[in-house]
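The exercises below are meant to be worked through with the sequence and the structure in view. Try each task before reading its solution.

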Amino acid sequence: MKTVIFDLDGTLVDSREDITASINHVREKIYGLEPIDSAFIVEKMNGIGENLAYLFYGVERYEPRARELFERHYARQCLERTKPFPGIPGLLASLKAEGCDLFVATNAPSRTSESILRNGNMDRYFTDIVGADRVVDPKPHPEMIFRILEMAKFEEIWMIGDSAKDMMTAENANVKSIFVKWGYTERLPPGMEKIPTAVEPGEIGRLLNL
């Protein structure tokens with residue numbers, strides 16, 4: 001049996017429009033800035049070592065008022081347009097039927113992540129949903145994975161995600177990984193070419209050797 005850890009945004013669900021709406025709400029209400037588009041936002045979200053506070057709001061570090069406003073707005077907004085990618089509900093059902101122990105590791109807040117999965121009737125598949133608010137260091141630091149390992153039933157661990165950040169998280173935690181191409185990253189950077197890749201959710205079972 002296997003423990004399978006999924007990234008959320010760009011892997012299980014397409015949330016780009018709702019994330020963009022909430023970031024632009026903060027830009028307007030607090031900083032008086034013009035909107036930015038979703039392509040820019042998801043590209044930078046998945047980048048390594050990016051200063052997102054500067055890129056999104058023009059400040060060196062996230063201010064508490066901006067973080068609070070984003071989370072308050074996104075708690076409602078995340079249920080507006082966010083939907084599972086095609087094939088994801090069926091994939092989760094089949095993995096659960098195979099006896100896999102499923103988790104989510106996301107740099108998003110746990111509460112909104114739970115709401116998204118519950119709204120898509122997918123929360124029932126997961127043993128736990130670990131967001132950035134439950135760790136000191138978010139991905140690509142391995143702390144989130146280590147926290148999940150404390151709860152995992154099975155020693156064979158896989159991380160599934162749509163970004164180099166997810167693949168680095170798996171490498172840093174010394175677990176196996178699968179890159180998915182239906183999300184927000186078209187290709188991995190040089191040096192990651194040998195990571196198994198799924199073009200559609202139906203390929204995950206084969207890559208997990210189920």
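**Exercise 1. Which classes of residue make up the lining of the largest pocket, and which helix supplies the largest share of that lining?**

Solution. Begin with the classes: the lining of the largest pocket divides into 16 nonpolar, six polar and eleven charged residues, in what is a predicted model. The volume of this pocket comes to about 970 Å³, and among the 33 residues that line the pocket, those closest to its centre are Leu52, Tyr62, Asn107, Ala108 and Ala132.

Next, turn to the elements from which the lining is drawn. At least two residues each come from α1 (16–31), α2 (38–45), α3 (52–57), α4 (64–77) and α8 (164–173). The largest share belongs to α4, which gives five residues to the lining.

**Exercise 2. Find the order of the strands in the open sheet, and say which strands stand at its edges.**

Solution. The open sheet is formed by six strands, and reading across it gives the order β5-β4-β1-β6-β7-β8, with parallel pairing. The edge positions are held by β5 (126–130) and β8 (197–198); each has a single partner strand, so one side of each is left without a neighbour in the sheet.

The pairings can then be followed from strand to strand. Between β1 and strand β4 (residues 101–105), which run parallel, there are four bridges, and here isoleucine 5 stands opposite phenylalanine 103 of β4. On to the next pair: strand β1 (residues 2–6) and β6 run parallel and are joined by five bridges, with threonine 3 having isoleucine 157 of β6 as its bridge partner.

**Exercise 3. Why is strand β6 described as largely enclosed, and what unit does this strand make with α8 and β7?**

Solution. For the enclosure, the step needed is the cut-off for a buried residue, which is under 20% relative accessible area. Strand β6 covers residues 156–161, and five of its six residues are buried, so the strand is largely enclosed by the rest of the structure.

For the unit, consider the pairing of β6 with strand β7 (residues 176–180): these two run parallel and are joined by four bridges, and glycine 161 stands opposite phenylalanine 179 in β7. Taken together with the helix, β6, α8 and β7 make a right-handed β-α-β unit.

**Exercise 4. Locate the largest cavity, and say how many cavities of 30 Å³ or more the whole structure holds.**

Solution. Searching the whole structure gives one cavity of 30 Å³ or more, and the largest cavity has a volume of about 40 Å³. To locate it, select the residues of its lining, which are Val13, Cys78, Leu79, Thr82, Lys83, Pro84, Ile116, Asn119, Gly120 and Met122. Two elements, β3 (83–84) and α6 (110–119), each supply at least two residues of this lining. Sorted by class, the lining holds six nonpolar, three polar and one charged residues.

One of these lining residues, Cys78, can be examined further. Cysteine 78 is buried, with a relative accessible area of 1%, and cysteine 100 is also counted as buried, at 3% relative accessibility. The count of disulfides in the structure comes to zero.

**Exercise 5. Is isoleucine 23 buried or exposed, and what separates its C-alpha atom from that of leucine 69?**

Solution. Isoleucine 23 has its place in helix α1, and at 3% relative accessibility this residue counts as buried. Along the chain, isoleucine 23 and leucine 69 are 46 residues apart, while the separation of their C-alpha atoms is 9.3 Å.

**Exercise 6. Where does a cis peptide bond join two residues, and which asparagines have a phi near 60°?**

Solution. The cis peptide bond joins lysine 139 and proline 140, with omega at about 15°, and proline 140 lies in the loop between β5 and α7 (143–149).

For the second part, asparagine 174 has a phi near 60°, which is a positive value in a residue other than glycine. This asparagine is found in the loop between α8 and β7, where asparagine 174 is exposed, with a relative accessible area of 73%. Asparagine 209 likewise has a phi near 60°; asparagine 209 is found in the segment after α9 (204–207), and at 61% relative accessibility asparagine 209 counts as exposed.

Note on methods. Residues numbered from 1 in each chain as written. Predicted model: local features only at pLDDT ≥ 70, side-chain atom pairs only at ≥ 80, totals over all residues. Heavy atoms only, no water. 1 Å grid on protein atoms, 1.4 Å probe; cavity = no way out; pocket = protein on both sides within 12 Å on 5 of 7 lines; lining within 4 Å. Points joined across faces, edges and corners; volume = space filled by probe spheres on them. Nonpolar A, V, L, I, M, F, W, Y, C, P; charged D, E, K, R; others polar. Buried < 20%, exposed > 50% of the residue type's maximum accessible area, 1.4 Å probe, protein only. Pairing = 2+ DSSP bridges. Right-handed = clockwise from strand over helix to strand, strands pointing away. Disulfide = S-S within 2.5 Å.
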